[in-house]
Amino acid sequence: MTYFEKIVDVATGEEVLRNYTAEEIAQVEKAIVDNETRIKDLAIKAEAKTALLQKLGITEDEAKLLLG
Amino acid sequence: MASTPNFNWATPDNTGLVKNGALDIRTLGNAIDASLVDLKGGTTGQVLAKQTNTDMDFTWSTPSSGMTNPMTTTGDTIYSSSGSTPARLGIGTTGQVLTVAGGVPSWATPSGGADNYQLINAGGTAATGAATITISGISGKNSLMIYLVDVSAGASASFTLRVNGDSASNYYYVKFGQSSGSITTGGGNDSAWQLGTQGNATANKISIGEIIMFGCNGSGIKTYQAVTDTNGTADECGVYQGHYTGTSTVSSISIISSSGNFDGGTIYVYGA
């Protein structure tokens, strides 16, 4: 994947597209991996929550009442 | 021979002979005549002025006319008009301030310093095709308002704001927000200001974001406040406030996506 910086100079109207440096690309790719991990974790937690609610036979709102 | 005490004109001694009286009187008269020679002459209206520091050294001269006072009313002031010509500036009204218009002073009602925000990136800048969108060439703007509309990148992308391309840890902030229904708080210092996080779906986006920056045209710290709202099932929204310790005036701002190129939305930058 190629990443860019778009620079719009409001004084001249000039627009330049700059390629990300290797260091910047590494930062972006690390952030993407971190985000994917976070999304997977959220999905696993959501599935576990749904399964627990089904096992208990209550809704999410009823669970909130119990915890409240 | 005796003499007068101030000008040292010769006068007869007490023991002088009467027969010499005529000569003595003539001698004294000639001395007085010589001393007063500078008083001779002159014309009507002239005044006597000292020519040198020497006693009795005078000259006749025409006095300068001086300045004709143009003031007529309490509060009037005088200013130079057309070079050395004095002119009257009548007093202004309560609350007016002295200013310059057309090269001369005048009293004017102050504007009050109201901010007048104007769009500086005409039509807005599309948030597409790049992971960093930089608006450069900013000058003379002490306040900036950045308006994000439907800005999106990858799922769960974090969006940040950077000043003058400075990636040092000069950005301080505190956050209050919500994520997936839970209150979130945070803060610290970082290499950019936090603006918010896109929901965890690629279809999510920052539907509205409002960022205000102050102190941009000074050498002191710059402050910011941001409110962003992301749509989507796991939507995020946040309120941010902080400051930036860089001392240069703000000439560029960058909106950065942590997760790759932006794929939609528009960034509007207003300055005042």
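Here are some short exercises with worked solutions on a predicted model of chains A and B.

**Exercise 1. Find out how confident the predictor is in chain A, and where in chain A the confidence is lowest and highest.**

Solution. Start with the whole chain: the mean pLDDT of chain A is 91, and 100% of the residues score at least 70. Next, go element by element. Helix α2 of chain A (residues 60-67) has the lowest confidence, with a mean of 87, while β1(A) has the highest, at 97.

**Exercise 2. Describe the side of chain A that touches chain B: how many residues are in contact, and which element gives the most?**

Solution. Begin by counting: 20 residues of chain A make contact with 24 residues of chain B. Now look for the elements behind that side of chain A. Both β1 (4-9) and α1 (22-56) of chain A supply at least two residues each. Of the elements, α1(A) gives the most, namely seven residues. Finally, sort the residues on this side by character: 14 are nonpolar, two are polar and four are charged.

**Exercise 3. Work out how β1(A) is joined to chain B, and in which direction the strands run.**

Solution. Look for the partner strand, which is β11 of chain B (residues 132-136). Five bridges link β1(A) with β11(B), and the two run parallel. For a landmark in the viewer, pick Asp9(A), which stands opposite Ser136(B) in β11(B).

**Exercise 4. Compare the span of α1(A) with the expected one, and then see what comes just after the helix.**

Solution. Take the length: α1(A) has 35 residues and reaches 51 Å between its first and last C-alpha. At 1.5 Å a residue the expected value is 51 Å, so to speak a close match. Then check the cover: two of the 35 residues of α1(A) are buried, and the helix is hardly covered. Step past the end of α1(A), and you meet Gly57(A), with a positive phi of about 70 degrees.

**Exercise 5. Characterise chain B and its helix: is α1(B) covered or largely in the open?**

Solution. First, list the secondary structure of chain B: one helix and 21 strands. Second, consider the chain as a whole. Of the 272 residues in chain B, 26% are buried. Among contacts in chain B with a separation of 6 or more, 61% are between residues 24 or more positions apart. Third, turn to the helix. With 15 residues (21-35), α1(B) reaches 21 Å from first to last C-alpha, close to the expected 21 Å. Zero of the 15 residues of α1(B) are buried, so the helix lies largely in the open.

Conventions: Residues numbered from 1 in each chain as written. Chains lettered and ligands numbered in written order. Predicted model: local features only at pLDDT ≥ 70, side-chain atom pairs only at ≥ 80, totals over all residues. Contact = placed C-beta atoms within 7 Å. Helix = DSSP H or I, 4+ residues; strand = E, 2+ residues; numbered from the N terminus. Nonpolar A, V, L, I, M, F, W, Y, C, P; charged D, E, K, R; others polar. Pairing = 2+ DSSP bridges. Buried ≥ 20, exposed ≤ 12 C-beta atoms within 10 Å, placed from the backbone. pLDDT = per-residue confidence, 0-100.
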